[in-house]
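Trainee: Could you take me closely through the aromatic side chains here, and then through one place where helices pack?

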Amino acid sequence: MNDNPINTNIPSVEEVENVIKQFYECNQAEIRKPAEHWLHELQKQPYAWRLPSQLLNSNQISSQFFGAHTFQVKILRDWNTLHPDEIIPLKNELISWIKKYSSSTQIVLTKLCLALTSFALQASPEIWPNFISSFIDDINMEEQRPDLDDNTKLNLELAKLEFLTVVPEQVTTAQLLANRKGKINEELSTGFLLVLNILNQILSIKEKNESIIKLQQKSLKCLQSWVQYDAPISTLGMIIESTINALLEVENFQPAAEVLIEILTHPSSRKFEKTLCDNILKAITTGWIYEEFNKTIENEDEESARVICKLMTTLGEEFTEYIVINFLRPDVITYLKMMMSCTAFPGYPAIDQDITDTTYNFWFNLTEIIEDPYVIPLPKMDNKENDDILIYRSQPLSSSNPQMTPEQGLQIRNASLEVFRQLIEIIRQKMQYPTDEEKRSWKRENFESFNASRREASDTVISAYYIVKDQSLDYLVNLCKEELIKIYSGNANWQVLESSLQCLKAISEAIDMKENIYISKLFSDEIFKSICNLPKDNFDRVKITMLNLIASYAEWLKNHEAFIPNIMDFIITSISQPSLLLPASKAFLEVCNHCKKSLVNIIDVLVNIYMQLPDSIQRERSRIVQALAEVFQTLPNERSIPIMLALQNNLQEKIKETLIKINNTGDQDKFKELINIQLNHMVSFSKGIIPPDENSFADLAERVEYESNVNKENKIELTQEQFHQFEILSNGCYEIIEMILRLYSNDYEIMSVVSQFFKFSFRSVLPLLSPKMEILTLLISTCYECSKQSNILVIIKDLLWVYSPYNEYPCSLLEINNDPIKIDRNIVLLLTSVTQTTIQYLDSEIAVSQNRDTVHFFFSMLVEFINIKPNLFKNLQPELLEKIFGLLLIALKVQDDKFALQQVKSFLTGFILCDNENSELKDISHQVMLIIGNNVIKEILYGIGGGKPRSLINILADILFRMKNKYSNNVNEWLNSLLAQDGFPSKHVDNGVKQRFIKDVMSTRQFTKFKTIISEFSIRCRNLQGTSFGSAF
């Protein structure tokens, strides 16, 4: 087989069939790939129009399918190569093949119907008007032939329904120009009533036989396709009844249910709310469907239960308000019991079955509607405990919502309590971990799926809690107590206790911080200490969940300080146990974060615990050191500074020991992971001592207290001895960073952590790197010159934090050994150096296209400069500015990665915004944009015209929109000049199309409409109008 494109030698049908066989039947990639390429090239050839007919006469199904597929490909891609005299014969040929294959292979018939649909999208209405009725008439006429038997006529009718099924599917996915889409939609609207009439006639047939059942099932599939197309549901009134009747027929239940699911989710389905809800509820809560549902639950038959559960769930999700309003109706009560049976479906969720998880969203919606006082009004209470202000919608969703009295609302609310009490217990059971015996058969992915299901279940539990409130707390806490009694009596089953704790953890965010009965009981000695004292190993899962629960209730503990000593004892004990270390360190961090004041008196103990942690648990040390740093912020300076300096000294000693080992052995790879972890410890320490932002405070009072106690200016005053120690640590920190950069400057992972350290160090109250700004900028410059690591550009971006207006609590230590003028000079030198290095590195179009990270982070860094300190950007040499914008133009031309191009756009649009009276860059911005504007527009048009992936069109449109708004006259001139060139940006658009494009671009003010104009022009340039992108390739 020749891999080269086929141009001169036309292959024989036998040769083509041989390659088709290789492609479809061979499993070896080295054979399939060349065959695929050969066939694709074959389809591009002009003579490929003759190929489908030859292949459709083959005896091989794969050849038949490829022939039908080639019809579709040629129509989609090469429509313009057809001579006008060939168009109508092509249509007639396709219909003839559909008639022939109506009694043959289904997949080939479907592909032929797709090809005919593609033809209709190209030819209708100008060449093939009223194509739906025309096709129906053609098939109907064929069915009138006296020589056809009943089976052939049935197959023709099924083929007609197949075409009517794929038409709306293809129109939905086809990318059509606006005016063309309007014409096609008009064709479908005209044909829809005719199609509905046909479907209704078929579904109305009462006397059943095998042929009628086939037709009805196919009709329902066709109807589903039209509903998915978003056909006007008002026209479906006459057929909804027929579909619901079909639902009651065993043989039609599944396709009818699928149609009703689509109708229920249709945007206009509320016009038929009562008809749909009442009839579906009646159908599923009585008769054979109800009995069959109960059998599927009893027999654990998930396959049989899936469709009815989906229908029930969709009904509940789409018409939740109707369910709530009619909550006390017998059929609704039965429906809710059935929904709970779906939630309680036997087997572990996401492992043995998927039905349970599909119900959670319905229960969530149900609680929201029941809680909505507009839907369910309640009698006013004199002693209203909850004074929260809630915002509800002003109009009901249900069109059949009668005015409900508060007394009726109270009845529904009270009835819902029992439903949600039962639901919480059902969900708790579904959250239970498997027994040890069951667990042995599970794989890692099973646990991941089950835990994901538990998270969804947790969200449902919290929504149910809003209805049941204290009753659920009482039930769950007492269940914990009862299970502990059983465990201490010799019952080794811990799953019920653990799942109860998981439910309590789930509702933590909804708990009132002043709640003082049930959660207090949970943390009492009777329950909490009993859990703490459970034997090791056998009950680790319980303790892990308890530690996670503690982390969730850390804010509640802030108002209940009496429990903190016991809780910290449990956390500290757990830290020493490897299996509990991870959740214990998380709980440690959360408690320290929320309960800082309560831990002030034991800070020395906590620091000592950290110092004694073994080196073997390096990863968790990061979380613990950050937790300690959180507590430091509540201490007065005279107490916090010595501890911070001591802890920083400990961190530096650890990492220096590792660096010495690397120096002695020369094996930096061996110690890379340890360096990574220890550097993360320093990141965590810096992160923990960052002054809080406004979102960190619970309320205004807490912020006022912080600013009065810690001092808004955050002026850290060091004694002479502390200042000397700070200088030593600053030198040590610089030496560590210098050595790490020397060793690992080419390691992306390590450099990412170094970048994080810079970011948080400069924001912290102990900015150890700040005094070394002059030599630091030189080090960064040298390192970038050697490694070209894009993370170094992120470091430079973070250095600008010194200037950031968001730095609300600037640390006085930032000023040590630095003055603003000197800092400016150093950073300008750094910016100059890295810009020169970047431009030298990206010295060709290939280099720019292959280094998306560097392009992204370089322009991201420049965006930060023009936003925070534009005067530094202004100080760059003119020739360097010229090179920056030269690089920008190359990036616009060759960079096809959205990640990179997004930052190029951000820099360019940001630079355009600098062209205003208030910007220091006004003159430079205006001058530069006038110089490069024509070239920018050229690259944008090149990209829109097909030079770039369609996923990037919106980015290009945004740039053009900003330029047009700012430099209207210039852009108009540039567009006219560029588009006057023949064949630019595409040979597929003539001068008339270009002129309309310019007019639309210049006159449109709304960006949404502007994007549509750009998109449609791009489609024309790519010659893709009327196609379904990618469907043929």
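Mentor: A search of the whole structure, which is a predicted model, finds 38 aromatic pairs. In one of them, the ring centres of W226 and Y229 lie 6.0 Å apart and the planes meet at 85 degrees, which is over 60, so this pair counts as edge-to-face. Both W226 and Y229 are buried. Another pair, made by F961 and F1007, is tilted, with 5.1 Å from centre to centre and 55 degrees between the planes. This pair links distant parts of the chain, since F961 belongs to helix α48 (residues 953-966) and F1007 to helix α51 (residues 1007-1021), with the two positions 46 residues apart in numbering. F961 has a relative accessible area of 10% and is therefore buried, the limit being under 20%, whereas F1007, at 26% relative accessibility, counts as partly exposed.

Aromatic residues also gather in a group, for Y348, Y433, W442, F447, F450 and W494 form one aromatic cluster. A ring can meet a charge as well: the charged end of R621 sits over the ring of Y610, at 4.7 Å from the ring centre.

Turning to the helices, α11 (residues 237-247) packs against α12 (residues 253-264) with the axes 8 Å apart and at an angle of about 140 degrees, which makes α11 oblique to α12. The crossing of α11 and α12 is left-handed. On the α11 side the contact is made by I240, T243, I244, A246 and L247, and on the α12 side by F253, A256, A257, V259, L260 and I263.

Terms used:
Residues are numbered from 1 along each chain as its sequence is written. This is a predicted model: local features need pLDDT of at least 70, side-chain atom pairs count only at pLDDT 80 or more; totals for chains, interfaces and linings use all residues. Side-chain values use heavy atoms; hydrogens and water are left out. Rings of Phe, Tyr and Trp (its six-membered ring) pair if their centres lie within 6.5 Å; planes under 30 degrees apart count as stacked, over 60 as edge-to-face and the rest as tilted. Buried means under 20% relative accessible area, exposed over 50%, partly exposed in between (1.4 Å probe, protein chains only). Helices (H or I, at least four residues) and strands (E, at least two) are DSSP runs, numbered from the N terminus. A charge sits over a ring if NZ of Lys or CZ of Arg is within 6 Å of the ring centre and within 35 degrees of the ring normal. Axes are lines fitted to C-alpha atoms, for helices over the stretch in contact, and angles run from 0 to 180 degrees between N-to-C directions. Angles under 35 degrees count as roughly parallel, over 145 as roughly antiparallel, 65 to 115 as roughly perpendicular and the rest as oblique. A crossing is left-handed if the near helix is turned anticlockwise from the far one by less than a right angle, and right-handed if clockwise. Contact means heavy atoms within 4.5 Å.
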